[in-house]
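Reader: I would like a close look at a single part of this model. Please keep it brisk.

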Amino acid sequence: MEHKILAATLYIKDGIPVCSPDDFAPAGDLRFLAKSYNDGGIDKIFVFDLSNSDEEHDKNLHTVRELNRLVEIPTCGGGNVKRLEDIKKLLYAGCKQVLINGSKPYCFELVDEASSRFGNDKILVSVKNIDFIFKHRETIQEKVHEMLVMNAKILDSIENLTDTQYVAICEENNLDRMLGILKREHSRGIYGAFLNDIDVNVMELKSTLSVNGIKMDNFEPALKWNDFKLGPDGLIPVVAQDYRTGEVLMLAYMNEQAFNKTITTGKMTYYSRSRQELWTKGLTSGHIQYVKSLTADCDHDTILAKVSQVGAACHTGQYSCFHNKIVHKEYMERNPLKVFEDEYAVIMERKTNPKEGSYTNYLLDKGLDKILKKIGEEATEIVIAAKNPDPEEIKYEAADFLYHLMVLMVEKGLTWEDITMELSQR
């Protein structure tokens, strides 16, 4: 059985998140909201472009693109979708799906065209009244992947008319109301203003829904507390590691209560040996650690926690607690992504602080056409080298090509994280 989802809604006006379609007050920093939704347990984001001009539309699309660079959860774009070109732009901006407004007269002509061009799985339709579904249920069944139901009063009728899945509005943080929607046969999930509130603990809510029989995408531990080998104090050490970079952040301890709370809330919770109490990392400082994975070692006496760290892990303000070098020996970095990131950082440094005689600065000064010319030349060199039986030549030419590609990436504002994220989603 497919798990149900909890979705957030993000409204974009003049390039920034705003509170609602009727309230254009700023809703908060895009990066902060994106990280909160991405790491806090939200399963999907519906992002609405509220523009009323082509200029603002382009500005909002840039924000949508930035949002998709920041999150790993799927997004569905909507709000100003009138033409096939609008759908294409949202998909190119990183949205996994596009929402078409069912109340517009052009809706189903666009649905038909879009589903044929991009596939049914990319197309959603917003629904406010049952007449709309009654008139178009065959098209909805054949051409629409999912509906966004914006009126909870029509859910009974929807269930009788179509078996197309839907995400329905739930207007308040009320368990009975949520269960009433999520237990319906064709319900895919819920959305509502309360789920946009970053203070709502979504993982905890998912745990409550799971207890009430709703299958959610939450943590279901393969090991129980009794499976661990504990120290004489009844605690188990936990090593926290940045899930993106692999950097070790800190060492702390858990008791059973801390372990269970971590599983339930999705936020790293430890037991302070000095204070003799539980502490959720970042509860006072804001430097929360969102759980990505927990793994036990071979002896079941240590836990490795891969986390998304907000701010600094160390109380000194350092990102990692492990920053006091004792001994150090120079070595050649062989981690491929680390090598790419280090080389990229050098190119970025050259752009920020030009160095006389630097070939990188020569390329950047000459501009895009020169960079593209060099990439074309290096790509040709790879083709020629590949016809040579000696693989060493390919290695040399491929390295040259990748260097020039990184110069282009810096010039166009792309990072290796952008590239690897795109690859991981294919």
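Is the crossing of helix 12 and helix 13 left-handed or right-handed? Please take helix 13 from end to end as well.

Author: The crossing of helix 12 and helix 13 is left-handed. Bear in mind that this is a predicted model.

Start with the helix itself. Helix 13 covers residues 391-412, which makes 22 residues. At 1.5 Å a residue, helix 13 should span 32 Å. Its end C-alpha atoms are 31 Å apart, so the expected and the computed span agree.

Now the two ends. At the start of helix 13, Asp-390 offers a side-chain oxygen, which comes to within 3.0 Å of the backbone nitrogen of Glu-392. After helix 13 comes Gly-413, with a positive phi near 80°.

Next, burial. Glu-397 is one of the buried residues of helix 13. Tyr-403 and His-404 are also among them. So are Met-406, Val-407, Leu-408, Met-409 and Val-410. The partners of these buried residues are helix 10 (336-352), helix 11 (359-366), helix 12 (368-386) and helix 14 (416-424).

Two of these partners deserve detail. Two packed helices are described by the angle between their axes and the distance between the axes.

Take helix 12 first. Its axis and that of helix 13 come within 9 Å and cross at roughly 160°. Angles over 145 degrees count as roughly antiparallel. Helix 12 and helix 13 are therefore roughly antiparallel to each other. On the helix 12 side, the contacting residues include Leu-368, Ile-371, Leu-372, Ile-375 and Ile-382. Lys-374, Glu-378 and Glu-381 of helix 12 also take part. From helix 13, the residues they meet include Glu-393, Ile-394, Glu-397, Phe-401 and Leu-405. His-404, Val-407 and Leu-408 of helix 13 belong to this contact too, and each of these three is buried.

Then helix 11. Helix 11 and helix 13 pack at an angle of about 50°, and their axes are 11 Å apart. The two helices are therefore oblique to each other. Their crossing is right-handed, whereas that of helix 12 and helix 13 is left-handed. Tyr-359, Thr-360, Leu-363 and Leu-364 supply the helix 11 side. They meet Tyr-403, His-404, Val-407 and Glu-411 in helix 13.

Some residues of helix 13 serve both neighbours. His-404, Val-407 and Glu-411 appear in the contact with helix 12 and in the contact with helix 11.

Note on methods:
Residues numbered from 1 in each chain as written. Predicted model: local features only at pLDDT ≥ 70, side-chain atom pairs only at ≥ 80, totals over all residues. Heavy atoms only, no water. Helix = DSSP H or I, 4+ residues; strand = E, 2+ residues; numbered from the N terminus. Expected span 1.5 Å × (residues − 1). Buried < 20%, exposed > 50% of the residue type's maximum accessible area, 1.4 Å probe, protein only. Contact = heavy atoms within 4.5 Å. Polar contact = N/O pair within 3.5 Å; in protein donor to acceptor, adjacent residues only side chain to side chain. Axes fitted to C-alpha atoms, helices over the stretch in contact; angles between N-to-C directions. Parallel < 35°, antiparallel > 145°, perpendicular 65-115°, else oblique. Left-handed = near helix turned anticlockwise from the far one by under 90°.
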